[in-house]
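This report describes helix packing and the nonpolar interior of one protein model. The model is a predicted one, and the description below should be read with that in mind.

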Amino acid sequence: MGSAGTGDAGTTHFGFQTVGEADKAGLVHGVFTSVASKYDVMNDLMSAGIHRIWKDAMMDWLAPRPGQQLLDVAGGTGDIAFRFVDRAPGAVATVLDLTESMLTAGRLRAEADQKADALSWVVGDAMALPFADNSFDVYTISFGIRNVTRIPEALSEAFRVLRPGGRLMVLEFSQLPNPMMQKAYDLYSFNVIPAMGKMVTGDRDSYQYLVESIRKFPDQDRFAAMIAAAGFEQVKFRNLSMGVAALHSGWKL
């Protein structure tokens, strides 16, 4: 999971700040460049290791098949790609991320050497994918869609590069349905995670942005509607950990 998406007109949000669309990609790039070397450690700390269970749940629902071609956007350090090729003999995965240092951190992981023949690493933008139409069987994006400047454009690009019969799956932080639980979660997020980020990486501001970006992301129903608007069918979602995160699935039919 990592960063994806540029922009060139109007305004958008960077956490709780309003910024020019043309500026957001550079700001996001700065966040992920700053945290790349400690990104996996921080994911474990922020989620108490639960992000691994969520990613396994993603693979269970995705059910990778032998020989499939995966595009993992905002793929960062390769967590999803490694899991995918492990579960599907002969499958290949392309990991795309806006931030080269995130991909470098992924390539340095031991698993990357063992799976080198099945993996490609590409610097690129979720809103302008450098691939032909109908190129992939599966498109995944894990904790990356909320960093994209214009989410509908990224979803349209996902639809374009998938083959007919292809599947989109998104793993992203979401909203808890119970307001009191959401309030407690927000207290934890805003008070603990930036302080933890400063302690582990020396960078409080990047983790403040990550927490704010979670709160700005559409809830489950609104995001499902955005997926359907991009042309996907059979759009469904599943809450994970009571809605702290959610999986969204859609098909290009």
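Helix H7 (residues 151–161) packs with helix H10 (residues 220–229) at an angle of about 50°, and their axes lie 9 Å apart. Since angles under 35 degrees count as roughly parallel and those from 65 to 115 as roughly perpendicular, H7 and H10 are therefore oblique to each other. Their crossing is right-handed, and the residues through which the two helices make contact are listed here.

| Helix | Residues in the contact |
|---|---|
| H7 | Ile151, Pro152, Leu155 |
| H10 | Phe223, Met226, Ile227 |

Sorted by class, the contact of H7 with H10 has six nonpolar residues, with no polar and no charged ones.

Helix H4 (residues 79–87) is largely enclosed by the rest of the structure, because seven of its nine residues are buried. The buried residues of H4 are Asp79, Ile80, Ala81, Phe82, Arg83, Phe84 and Val85.

Phe84 is also one of the residues that touch the most other members of the largest nonpolar core, which has 32 residues; Trp54, Met58, Trp121, Leu171, Phe173 and Leu247 are the others named in this respect. At least two residues of this core come from each of helix H3 (50–62), H4, strand S4 (92–97), strand S5 (119–123), strand S7 (162–173) and strand S9 (245–251). Apart from neighbours within four places in sequence, Trp54 is in contact with Phe143, Leu171, Phe173, Leu240, Ser241, Val244 and Ala245. A second core, separate from the largest one, has 26 residues, among them Val73, Ile141, Val148 and Phe223; Phe223 also belongs to the contact of H10 with H7.

Terms used: Residues are numbered from 1 along each chain as its sequence is written. This is a predicted model: local features need pLDDT of at least 70, side-chain atom pairs count only at pLDDT 80 or more; totals for chains, interfaces and linings use all residues. Side-chain values use heavy atoms; hydrogens and water are left out. Axes are lines fitted to C-alpha atoms, for helices over the stretch in contact, and angles run from 0 to 180 degrees between N-to-C directions. Helices (H or I, at least four residues) and strands (E, at least two) are DSSP runs, numbered from the N terminus. Angles under 35 degrees count as roughly parallel, over 145 as roughly antiparallel, 65 to 115 as roughly perpendicular and the rest as oblique. A crossing is left-handed if the near helix is turned anticlockwise from the far one by less than a right angle, and right-handed if clockwise. Contact means heavy atoms within 4.5 Å. Ala, Val, Leu, Ile, Met, Phe, Trp, Tyr, Cys and Pro count as nonpolar, Asp, Glu, Lys and Arg as charged, and the others, Gly among them, as polar. Buried means under 20% relative accessible area, exposed over 50%, partly exposed in between (1.4 Å probe, protein chains only). A nonpolar core is a set of buried Ala, Val, Leu, Ile, Met, Phe, Trp, Tyr and Cys residues joined through side-chain atoms within 4.5 Å.
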